[in-house]
Amino acid sequence: MKHASLLFLFLLFCCFGLRAQVLNDSTVQVVAYWDKGETFEFEYVQSKYKVVKGDTIFGDFLSETFELAVVDSTAEGYTLRYTTLESKAEYKDSLTQAITEKVRAALHNIPVYFTTLSLILWILQ
């Protein structure tokens, strides 16, 4: 009985070290099946910062809320409409900030249509 208890504790402690990790170079694959007419709203946030001697120094920041709408659905993929609903960017470089603001203003609320899997099917041919 004593050996079984020790084996159980050993296995239990080994499990404590197992956990999911998302590293900087990790890739997450998402599979979804959508119906025509569905819409999805997403938020993308990117923040860069450095830690120097215990102080956090904030750098570039980008936040975007966008909508994906399923326009058409086939066996090969989907036709989606991408629309930016809200966008905010703060860059330390003034030239990058100016260019980003011009592009964001020109593209705000203009839908972009694209088809999924068309590039993959083209490469496989």
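**Aromatic pairs and nonpolar core of the predicted model**

T84 lies in strand β3. The structure described here is a predicted model. With a relative accessible area of 11%, T84 is buried, because that value falls under the 20% limit. Residues up to four places away in sequence being set aside, the contacts of T84 are E64, T65, F66, H108 and N109.

One of these contacts, F66, also takes part in the aromatic pairing of the model. A pair of aromatic rings is described by the distance of the centres and the angle of the planes. By the distance criterion, the count comes to 3 aromatic pairs. In the pair formed by Y49 and F58, the ring centres are 6.4 Å apart and the planes stand at 55°, so this pair is classed as tilted. Y49 counts as exposed at 52% relative accessibility, and F58 likewise counts as exposed, at 56%. The rings of F66 and Y82 have centres 5.0 Å apart and planes at 35°, so this pair is also tilted. Distant parts of the chain are linked by the pair, F66 being located in strand β2 (residues 55–73) and Y82 in strand β3 (residues 78–90), 16 residues apart. The relative accessible area of F66 is 14%, and the residue is therefore buried; Y82, at 23%, is partly exposed. Ring pairs join F66 and Y82 with F42 in a cluster.

F66 further belongs to the largest nonpolar core, which comprises 5 residues: F66, L68, V70, Y78 and L80. Strands β2 and β3 each contribute at least two residues to this core, and the greatest contribution, 3 residues, comes from β2. In soluble globular proteins, nonpolar side chains tend to be buried together. For the core member L68, contacts beyond its neighbours within four places in sequence comprise W34, E38, T39, F40, F42, L80, R81, Y82 and F114. Among these contacts, L80 is itself part of the core, whereas F42 and Y82 belong to the ring cluster.

Outside the strands, G37 is found in the loop between α1 (2–16) and β1 (39–52). With a relative accessible area of 58%, G37 is exposed, since the value is over 50%. The C-alpha atoms of G37 and S73 are 9.4 Å apart in space, with a separation of 36 residues in sequence.

Notes
Residues numbered from 1 in each chain as written. Predicted model: local features only at pLDDT ≥ 70, side-chain atom pairs only at ≥ 80, totals over all residues. Heavy atoms only, no water. Phe/Tyr/Trp six-rings, centres within 6.5 Å; stacked < 30°, edge-to-face > 60°. Buried < 20%, exposed > 50% of the residue type's maximum accessible area, 1.4 Å probe, protein only. Helix = DSSP H or I, 4+ residues; strand = E, 2+ residues; numbered from the N terminus. Contact = heavy atoms within 4.5 Å. Core = buried A, V, L, I, M, F, W, Y, C linked by side-chain atoms within 4.5 Å.
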